[in-house]
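Here's a quick briefing to read alongside the structure. Have a look at the fold before you go through the points.

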Amino acid sequence: NVIVTQAVSTFRQIKVVGQVRAPQSLAYRDGLNVLDAILAVGGVTEFAAPNRARIVRTEGGTKQEIRVRLGDLVDKGDLDENVPLRPGDVLVVPESFF
């Protein structure tokens with residue numbers, strides 16, 4: 001038997017992909033931000049370029065990219081980079097060039 005206590009649609013999720021320890025979809029909750037998402041996936045890998053991270057957001061059929069200096073957030077505590085996430089966002093952490 002399976003009992004569903006809280007149904008989560010794909011539209012109520014955040015995806016974290018790229019050079020993170022455990023790429024995955026996370027259930028969206030009010031107040032979820034970039035730092036919460038990165039902590040939930042175990043942080044970035046040694047191959048990451050965290051200051052080139054971005055959020056891909058689709059609003060009204062239009063894609064927009066929001067740059068996030070994740071390295072500054074995690075290493076320097078720059079809370080201006082702790083962007084609130086919305087349902088359907090994709091947080092992309094690219095690979096470093098070297």
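**The fold at a glance**

The protein chain has two helices and five strands. This is a predicted model, so keep that in mind as you read. If you walk along the sequence, you meet the pattern β-β-α-β-β-α-β. The five strands come together in an open sheet, and a handful of salt bridges are worth a look too.

**Overall shape**

- The radius of gyration is 14 Å, which agrees with the value near 13 Å that a compact globule of 98 residues would have.
- Along the principal axes, the C-alpha atoms fit in a box of roughly 50 × 35 × 25 Å.
- How much of the chain is buried? Buried residues make up 38% of the 98.
- The accessible surface is about 6,400 Å², and carbon and sulfur atoms account for 52% of that.
- Take the contacts with a separation of 6 or more: 56% of them involve residues 24 or more positions apart.

**The sheet**

- In what order do the strands sit? Across the open sheet it's S2-S1-S5-S3-S4, and the pairing is mixed.
- Strand S2 (24-27) and strand S4 (62-68) are the edge strands, so each of them pairs on one side only.
- Going from one strand to the next, the twist averages 20°.
- As a reminder, strands in a sheet pair through backbone hydrogen bonds, and they can do so parallel or antiparallel.

**Who pairs with whom**

- Strand S1 (residues 13-18) runs antiparallel to S2, and four bridges join the two.
- S1 and S2 make a hairpin, with five residues between them.
- To spot this pairing, find Lys15, which stands opposite Ser25 in S2.
- S1 also pairs with strand S5 (residues 90-93), this time in the parallel sense and over four bridges.
- For that pairing, look for Val16, whose bridge partner in S5 is Leu91.
- Strand S3 (residues 53-59) and S4 run antiparallel, joined by seven bridges.
- One place to see S3 meet S4 is Glu59, which has Thr62 as its bridge partner.

**Salt bridges**

- How many salt bridges are there? The count comes to eight, with a side-chain nitrogen of Lys or Arg within 4 Å of a carboxyl oxygen of Asp or Glu.
- One of them joins the side chains of Arg57 and Asp89, at 2.7 Å from N to O.
- Arg57 is in strand S3 and Asp89 is in the loop between helix H2 (70-76) and S5, so this pair ties together parts that sit 32 residues apart in sequence.
- Are Arg57 and Asp89 buried or exposed? Both of these residues are buried.
- Another salt bridge links the side chains of Glu65 and Arg67, at 3.7 Å from N to O.
- Glu65 is partly exposed, with a relative accessible area of 46%, while Arg67 counts as exposed at 56%.
- Glu65 and Arg67 also belong to a network of salt bridges that includes Arg54.

**A salt bridge inside helix H2**

- Asp72 forms a salt bridge with Lys76, and their closest N and O atoms are 3.7 Å apart.
- Asp72 and Lys76 are four residues apart in helix H2, so about one helical turn separates them.
- Is Asp72 buried or exposed? Asp72 is buried, because its relative accessible area of 12% falls under the 20% cut-off.
- Lys76 is exposed, because its relative accessible area of 67% is over 50%.

Note on methods:
Residues are numbered from 1 along each chain as its sequence is written. This is a predicted model: local features need pLDDT of at least 70, side-chain atom pairs count only at pLDDT 80 or more; totals for chains, interfaces and linings use all residues. Side-chain values use heavy atoms; hydrogens and water are left out. Axes are lines fitted to C-alpha atoms, for helices over the stretch in contact, and angles run from 0 to 180 degrees between N-to-C directions. The radius of gyration is taken over C-alpha atoms; the globule rule is 2.2 Å times the number of residues to the power 0.38. Buried means under 20% relative accessible area, exposed over 50%, partly exposed in between (1.4 Å probe, protein chains only). Contact means heavy atoms within 4.5 Å. Accessible areas come from the Shrake-Rupley method with a 1.4 Å probe; for residues, only the protein chains shown count as cover.
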